[in-house]
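Reader: I am new to this structure and should be grateful for a close look at one part of it. Please choose a single residue, and then show how its surroundings fit into the whole.

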Amino acid sequence: GLWFEAVWIHKNDRHIQQTDQEILCAGIDYTFAFGNGLNALFEHLLYASDSSPFRLKTRYPFSALSLSYPIGLSNRLSVMLYRDWKNSEQYSFFSLQRQSDHFSFYLMAFLNPKNYYLPQQGTASRIFAGNGFQIMFVYNY
């Protein structure tokens with residue numbers, strides 16, 4: 001598949017300088033006939049913010065590559081790689097997922113810069129700054 005997305009966000013807040021944000025994204029994905037089906041996805045994103053709309057003065061270009069491979073019906077191995085072109089930084093995220101009727105298990109590892117530059121709307125995603133791992137059990141009712 002192919003896609004293009006565009007977002008403009010205006011924050012009517014006189015306490016912040018960067019009141020306008022623009023996000024442009026183009027992507028492509030394909031599932032290769034390899035084993036159980038290797039899904040590959042590539043996106044390129046341009047994030048910009050300024051005090052006026054559509055000036056694109058402060059730009060942050062990012063690229064992302066995601067690979068996902070199902071291991072049987074209940075397991076999935078995923079790798080996500082991001083490239084921050086402006087700051088010359090690399091972000092890496094690896095996960096192994098196991099799912100049953102009511103439970104999901106995730107084993108995740110990440111190798112990221114300590115200064116996290118990926119665009120986000122909140123601070124919750126900063127838990128993946130630096131290097132580390134996370135184990136998560138989820139009950140689905």
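Author: Tyrosine 69 is partly exposed, with a relative accessible area of 23%. Buried here means under 20% relative accessible area, exposed means over 50%, and partly exposed lies in between, with a 1.4 Å probe and protein chains only as cover. The model is a predicted one, in which local features need pLDDT of at least 70 and side-chain atom pairs count only at pLDDT 80 or more, whereas totals for chains, interfaces and linings use all residues. Residues are numbered from 1 along each chain as its sequence is written, and side-chain values use heavy atoms, with hydrogens and water left out.

Tyrosine 69 belongs to one of the 5 aromatic pairs that the structure holds. Rings of Phe, Tyr and Trp (its six-membered ring) pair if their centres lie within 6.5 Å; planes under 30 degrees apart count as stacked, over 60 as edge-to-face, and the rest as tilted. The partner is phenylalanine 34: the two ring centres are 6.2 Å apart and the planes stand at 55°, so this pair is tilted. Because phenylalanine 34 lies in the loop between β2 and β3, while tyrosine 69 lies in strand β4 (residues 58–71), the pair ties together parts that are 35 residues apart in sequence. Strands are DSSP runs of E with at least two residues, helices are runs of H or I with at least four, and both are numbered from the N terminus. Phenylalanine 34 counts as exposed, at 54% relative accessibility.

A second aromatic pair also involves β4: tyrosine 60 lies in this strand and tyrosine 47 in strand β3, so parts 13 residues apart in sequence are tied together. Their ring centres are 6.1 Å apart and their planes are at 40°, so this pair is tilted as well. Tyrosine 47 counts as buried, at 13% relative accessibility, whereas tyrosine 60 counts as partly exposed, at 22%.

Proline 70 is likewise found in strand β4. With 15% relative accessibility, proline 70 counts as buried. Glycine 37 is 33 residues from proline 70 in sequence, yet the two are 7.1 Å apart in space, C-alpha to C-alpha.

The loop that carries phenylalanine 34 belongs to a hairpin of β2 and β3, with 5 residues between the strands; in this hairpin glycine 35 takes a positive phi near 60°. Strands β2 (residues 20–32) and β3 (residues 38–50) run antiparallel and are joined by 13 bridges. Two strands are said to pair if DSSP finds at least two bridges between them. Phenylalanine 32 has leucine 38 in β3 as its bridge partner. On its other side, β2 pairs with β1 in the antiparallel sense over 9 bridges, and here histidine 10 has aspartate 20 in β2 as its bridge partner.

The protein as a whole has 0 helices and 8 strands. An open sheet of 8 strands has the order β1-β2-β3-β4-β5-β6-β7-β8, with antiparallel pairing. β1 (2–10) and β8 (131–139) stand at the edges with a single partner strand each, so one side of each is left without a neighbour in the sheet. Neighbouring strands are turned by 15° against each other on average, direction ignored; such axes are lines fitted to C-alpha atoms, for helices over the stretch in contact, and angles run from 0 to 180 degrees between N-to-C directions.

Towards the β8 edge, β6 (residues 89–99) and β7 run antiparallel and are joined by 8 bridges. These two strands form a hairpin with 3 residues between them, and serine 92 stands opposite leucine 111 in β7. Strand β7 (residues 103–111) in turn pairs with β8 in the antiparallel sense over 9 bridges. Serine 104 stands opposite valine 138 in β8, and phenylalanine 103 opposite tyrosine 139.

Of the 141 residues of the protein, 25% count as buried.
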